[in-house]
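The following exercises ask the reader to work through a metal site, the internal spaces and a few backbone details of one protein. Each task is followed by a solution that proceeds step by step.

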Amino acid sequence: MNVDFKKIQINEFNIPLVLVGVLEEAKGDVFISDINEEAGNVVELGDFKGKNGDLSLIYTKGTISPKRLLLIGLGKQEKLTVETVRKVVGNASRKARDLDVKKLGIYLDSFARDKLELTETTEALVQGIIMGSFQNIAYRTKNLEKYKKIEELIIFSPDTDEIVLKQGVESGKIIADAVNFCRELAWGPANYITPTKLANEALRLEKDLGIKTTVFEREQAKEIGLTSFLAVAQGTKEPPKFIIMEHGADKEGVETVALIGKAITFDSGGISIKPGQNMEKMKADMTGGAVVVAVMEAVAKLDLDLHIVGIVPATDNMPSGTAYHPGDIITSYSGITIEVINTDAEGRMILNDALTYAAKHYKPKAMFDFATLTGAMMIALGEHAIGYFSNHDFVVDKLEEASNTSGERVWRMPLWEVYDEQLKSDVADFKHTGGRPGGSITAARFLSQFTLDVPWAHLDIAGAMEQSSDKHYNPKGSKGPAVRVILDVLRNW
Ligand code: BES
Ligand code: MN
Ligand code: ZN
């Protein structure tokens, strides 16, 4: 989608559809009737009340240049936030898309209403439309004409200068495109989205955006000693890849932040095989890796003044004659020995090596990992929030601040040492699972042993990875979780 900003009067704007925000207080206010009489009537008669989420399509019949107005309820002005704007516009985006208008205008002032900051509102409008109207039809061949697409989006205002809002338009597009890219990868099937495909995407970023990319094959990973990662990979014929991407490696005097993403391209459970029901959902067990690849693309485009290292250990988890067994003892890259209890707890096996690798080689100021790690996280928080665990208040502050600005919910979970009791092994330094009680916490405690005391947060996105039905700017399917919140962490750094 092409996105731009224009300084223009609404009644001069020749365009098939314009979105207009309407407050609950609109009745008796001339704002809407000044735009257009037909729209004003609907509001004055009380047929459109401006309640949050209300939509009404108005045909202007030649009274002004735009052919249609889509009125969007914003709710009460005192409650109006940038996140409200992102949500209501996200909902409206599918309606606009399905009207089959190729070109869409949004009247900025009607959403900001002298209350919201204009650049932030512009960014939210762009995000709402691009994220909300997303649909992945890459694997369909039939009835393609059914799937409409908005080709051009123009945010406009009669009296705001373009330069001011260019930034909102650009960052909004970069961030929303990253979310959609993450969704495409995450929701893509395991026979297409392989470790090789992820590595190729990283190499594309190297070619297009100058991101320094290194890919370790099975042999190299073995020489380096990424044994815990390779334990999971030993059951599959699909070549595993340990992918490292760097933005800003040559920038001077900037801080280093590491991002690590779990990329199990298919999680069958391995020898501790999963039940068949819902197993197809495990094509998305590489969502954490997709987050990191998509975020790397965005940080390069935003040209953030940071050294950002993205590490994506990628492999299938399959049962076979060569698969790792329950009871195996693995000496990880850190030197810590791990007793394998359940081969389905493979995420922490690949992440521990990646965490140690990042901490040791890059000594980052902070590390964040993203992982569809535990079913228990879905049980704890459901689909509406990401649960995170952290060993350092500095990282917690960054995440909470970014959660507020991005509108993406995160919730801190405990990381108390007492849970280590469940990880005591009779034969090795640690067992890698601690049973069902507090399953997300014991998983996080296990990972915390491999951080070399770098300030770190582990984001368990197993609950938040998927949206069960269309909601605001999240259409049914992969949410592209954590992309916005981590990008705000990095932008606000
Ligand atoms: N990828 C799964 C976790 C998961 C389950 C994500 C459902 C999204 C939806 C992970 O590898 C896993 O299998 N975890 C086990 C851990 C257990 C064996 C200790 C789980 O949660 O049951
Ligand atoms: Mn698993
Ligand atoms: Zn998994």
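Helices here are DSSP runs of H or I with at least four residues, strands are runs of E with at least two, and both are numbered from the N terminus. The model is predicted, and local features are taken up where pLDDT is at least 70.

**Exercise 1. Describe the backbone at Asp114 and at Lys363, and state whether each residue is buried or exposed.**

Step 1. Asp114 is placed in the loop between α4 (108-112) and α5, and its phi is near 55°, a positive value in a residue other than glycine.

Step 2. With a relative accessible area of 85%, Asp114 is exposed, since exposed means over 50%.

Step 3. Lys363, in the loop between α11 and β14 (366-371), is not a glycine either, yet it has a positive phi of about 35°. At 64% relative accessibility, Lys363 also counts as exposed.

Step 4. The general background is that most residues other than glycine have a negative phi.

**Exercise 2. Identify the residues that coordinate the zinc ion (ligand 3), and work out which geometry the site has.**

Step 1. The donors are Lys262 through NZ, Asp267 and Asp285 each through OD, and Glu346 through OE, at 2.0 to 2.4 Å from the zinc ion (ligand 3).

Step 2. The arrangement is octahedral because the 6 donor atoms subtend angles of 79 to 175° around the zinc ion (ligand 3); the rule for six donors asks that opposite ones be over 155 degrees apart and all others between 65 and 115.

Step 3. Along the sequence, the spacing of these donor residues reads K-x4-D-x17-D-x60-E. Asp285 belongs to the loop between β10 (263-267) and α10 (287-302), while Glu346 belongs to the loop between β13 (337-339) and α11 (347-362), so the pair ties together parts that are 61 residues apart in sequence.

Step 4. Asp285 is buried, at a relative accessible area of 2%, and Glu346 is likewise buried, at 0%.

**Exercise 3. Characterise the site of the manganese ion (ligand 2), and say which residue coordinates both this ion and the zinc ion (ligand 3).**

Step 1. The manganese ion (ligand 2) is coordinated at 2.1 to 2.2 Å by Asp267 (OD), by Asp344 through both O and OD, and by Glu346 (OE).

Step 2. The angles among its 6 donor atoms run from 69 to 166°, and the site of the manganese ion (ligand 2) is classed as irregular.

Step 3. The donor residues of the manganese ion (ligand 2) follow the spacing D-x76-D-x1-E in sequence, and Asp344 counts as partly exposed at 22% relative accessibility.

Step 4. The residue that coordinates both ions is Asp267, and the manganese ion (ligand 2) and the zinc ion (ligand 3) lie 3.1 Å apart.

**Exercise 4. Find what lines the largest pocket, and which helix gives the largest share of its lining.**

Step 1. The largest pocket, with a volume of about 1200 Å³, is lined by 36 residues, and those nearest its centre are Lys274, Asp344, Thr374, Gly375 and Ala376.

Step 2. At least two lining residues come from each of α11, α12 (375-381) and α14 (439-448), and the largest share, 4 residues, is supplied by α12.

Step 3. By class, the lining of the largest pocket holds 11 nonpolar, 14 polar and 11 charged residues.

**Exercise 5. Determine how many cavities of 30 Å³ or more are counted, and describe the lining of the largest cavity.**

Step 1. The count comes to 1 cavity of 30 Å³ or more, and the largest cavity encloses about 50 Å³ of space.

Step 2. Its lining consists of Arg86, Glu123, Gln127, Ile175, Thr405, Ser406, Arg484, Asp488 and Arg491. The elements giving two or more of these residues are α5 (118-132), α13 (393-406) and α15 (483-491), with α15 contributing the largest share, 3 residues.

Step 3. The lining of the largest cavity divides into 1 nonpolar, 3 polar and 5 charged residues, and at least three residues are drawn from each of domain 1 (2-160) and domain 2 (183-491).

Key
Residues are numbered from 1 along each chain as its sequence is written. Chains are lettered from A and ligands numbered from 1 in the order in which they are written. This is a predicted model: local features need pLDDT of at least 70, side-chain atom pairs count only at pLDDT 80 or more; totals for chains, interfaces and linings use all residues. Side-chain values use heavy atoms; hydrogens and water are left out. Donors are N, O and S atoms within 2.8 Å of the metal (3.2 Å for Na, K and Ca); water is not among the atoms, so sites may look incomplete. Four donors count as tetrahedral if all angles lie between 85 and 135 degrees; four count as square planar and six as octahedral if opposite donors are over 155 degrees apart and all others between 65 and 115; anything else is irregular. Buried means under 20% relative accessible area, exposed over 50%, partly exposed in between (1.4 Å probe, protein chains only). On a 1 Å grid over the protein atoms alone, a cavity is a set of points where a 1.4 Å probe fits but cannot get out, and a pocket is an open set with protein on both sides within 12 Å along at least five of seven lines; lining residues have an atom within 4 Å of a point. Grid points are joined across faces, edges and corners, and a volume is the space filled by probe spheres set on the points. Ala, Val, Leu, Ile, Met, Phe, Trp, Tyr, Cys and Pro count as nonpolar, Asp, Glu, Lys and Arg as charged, and the others, Gly among them, as polar. Domain bounds come from an automatic or database domain assignment.
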